[in-house]
Amino acid sequence: MYTQERTTMSNLVVGGPVAVNSYDNAIVAALVENRPVMLVHAFNGGFLRPVELKDSVHDKGVKLSTALDSATKEAQGHLWYITPAGFFGQRPLYFIESAAGQVTPKPTGAGQADAGRGDDGAPKPQRRRITVHQKAPEGTADTVQVGLPDKVGDLWRGKNGAPEDTQLWVVTLTPWGGITFVPITHPDAILGFKDHAVAADSEVRVTYNWGGDFTGTVINTFYPRLPNEWNVPYHHVFT
């Protein structure tokens, strides 16, 4: 059972370049234990959620919500998985997957290919991932969508043919317990907001990283919160 007890972590480095000597179990749980977390914005305490919660919708984006309504909570629209997805050089890469609308595949029949199983032997659930448009952040239209790799449109697939190319993120930790997301396809960009407006229902965009700060300015920093900590103030970092 998860408790509020904090375990000492020594120089946890995830995605570099900041060596975080942190006791924040939400970050550890999200990146190492693959637990679902709320992604709370540093500026106004709102949280990220898919615009559409249903698993059948793959062409809608992400928005910042400042109220956790019962429908969102019931559908787990406030929760995200930050799932390990290999390496780029020395840097680990991740998928940002929504817990809303996840589907557990039916067991495969004899002789059929298996999509992969977890440690408990159960089929891995299919989760919609935040996907980046090939032309982001140049375009003025939506630059992120939440969808499965085989369900998103052509320009939401990787330029090298692999759909996953547009769904890989570098996760950079800040010294004060936040995280920043940088798309692997657009390393000069960050996960931010349309017109840099961080307000209720602001649309999430991939925007140019004009400040060049990959350790997290207020416009691109999110604080992960475990479900039992969702009402902890966004600035409360356990040290």
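**Exercise 1. List the residues in contact with Glu97, leaving aside neighbours within four places in sequence.**

Solution. Contact means heavy atoms within 4.5 Å. Glu97 is in contact with Leu79, Trp80, Tyr81, Thr83, Arg127, Arg128 and Arg129, its neighbours within four places in sequence left aside. The model is predicted: local features need pLDDT of at least 70, side-chain atom pairs count only at pLDDT 80 or more, and totals for chains, interfaces and linings use all residues. Residues are numbered from 1 along each chain as its sequence is written, and side-chain values use heavy atoms, with hydrogens and water left out.

**Exercise 2. Place Glu97 and decide: buried or exposed?**

Solution. Step one: locate Glu97 in strand 5, residues 91-98. Strands (E, at least two residues) and helices (H or I, at least four) are DSSP runs, numbered from the N terminus. Step two: take the relative accessibility of Glu97, 6%. Step three: apply the cut-offs. Buried means under 20% relative accessible area, exposed over 50%, partly exposed in between (1.4 Å probe, protein chains only). Glu97 therefore counts as buried. Step four: check a partner. Trp80 is 17 residues from Glu97 in sequence, yet their C-alpha atoms are 5.5 Å apart.

**Exercise 3. Find which residues are linked with Glu97 in a network of salt bridges.**

Solution. Step one: fix the rule. A salt bridge is a side-chain nitrogen of Lys or Arg within 4 Å of a carboxyl oxygen of Asp or Glu. Step two: count. The rule gives 7 salt bridges. Step three: trace the network, which links Glu97, Arg127 and Arg129. Step four: add the 3.2 Å polar contact between the side chains of Glu97 and Arg127. A polar contact is a pair of N or O atoms within 3.5 Å; within protein, one must be able to donate a hydrogen and the other to accept it, and residues adjacent in sequence count only if both atoms are side-chain atoms.

**Exercise 4. Describe the setting of Gln167.**

Solution. Step one: Gln167 sits in the loop between strand 7 (144-147) and strand 8 (169-173). Step two: its relative accessibility is 0%, so Gln167 is buried. Step three: the side chain of Gln167 makes a polar contact of 3.2 Å with the side chain of Arg129.

**Exercise 5. Classify both partners of the Arg205–Glu203 salt bridge by exposure.**

Solution. Step one: the closest N and O atoms of the pair are 3.1 Å apart. Step two: Arg205 has a relative accessible area of 7%, so Arg205 is buried. Step three: Glu203 has 35%, so Glu203 is partly exposed.
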